[in-house]
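Hi,

Here is the structure I said I would pass on. Have a look at it first, and my notes on what turned up are underneath.

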Amino acid sequence: MSNDKTLATVKHGGCVQLTRKPCTTASPVNPGDWIADEPGMTHPEIARVKEVFWDDIAGEWVANITMYSPDGQRGRFEPAVPMESWRRIQRPDFPLTLDRTGYRCWGSSLEYLPEVGAENKAVTS
């Protein structure tokens, strides 16, 4: 039995043994990077990366992050967050500008950094 992220073997008696998945890409973020939800969101989550590591069971990069509010207040700590839908941004210029529509949109105040090209991400053994 397998899926696109993990490989598992069902042993006699119903025990499941997970197969470790090797790291095949470079980390998309580094400690100290500022990150936000994907571009185009009106109320993106904003965070700073504390640690980043490869989850060899899930087969993806995850990070311990500290959340921030649009006014720059440090918030909760979130451990082992998958980095798939987060993007690197320039350090926000807190407090973020809120629009005048009443919806308090701050997404347009963030400056997203270009992603590293896939050709530069491959990990060679």
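**What I found**

Proline 95 sits in the segment that follows β7 (86-89), strands here being DSSP runs of E with at least two residues, numbered from the N terminus. The peptide bond leading into proline 95 from phenylalanine 94 is cis, with omega near -10°.

Before the rest, a word on the source. This is a predicted model, where local features need pLDDT of at least 70 and side-chain atom pairs count only at pLDDT 80 or more, while totals for chains, interfaces and linings use all residues. Numbering starts from 1 along each chain as its sequence is written, and side-chain values use heavy atoms, with hydrogens and water left out.

On the overall build, the protein has 0 helices and 7 strands (a helix would be a DSSP run of H or I with at least four residues). Along the sequence that reads β-β-β-β-β-β-β. Of the contacts with a separation of 6 or more, 45% are between residues 24 or more positions apart (contact means heavy atoms within 4.5 Å). Buried residues are 30% of the 125 in the protein; buried means under 20% relative accessible area, exposed over 50% and partly exposed in between, with a 1.4 Å probe and protein chains only.

The other backbone oddity is alanine 80, in strand β6 (residues 74-82). Its phi is near 50°, positive although the residue is not glycine. Most residues other than glycine have a negative phi, and most peptide bonds are trans. Alanine 80 counts as partly exposed because its relative accessibility is 40%.

Now the surface, which has two patches to look at. Patches take residues with over 30% relative accessible area and no salt bridge (a side-chain nitrogen of Lys or Arg within 4 Å of a carboxyl oxygen of Asp or Glu), joining like charges within 9 Å and nonpolar side chains (Val, Leu, Ile, Met, Phe, Trp, Tyr) within 5 Å.

- Positive: Arg48, Lys50, Arg74 and Arg91 gather here, with charges placed at NZ of Lys and CZ of Arg. Lysine 50 belongs to strand β4 (residues 46-55) and, at 48% relative accessible area, is partly exposed.
- Nonpolar: Val10, Val16 and Leu18 together offer about 250 Å² of accessible area (Shrake-Rupley method, 1.4 Å probe). Valine 16 is in strand β2 (residues 16-19) and is partly exposed, with 48% relative accessible area.

Cheers

Terms used. Lys and Arg count as positive and Asp and Glu as negative; His and the chain ends are not counted.
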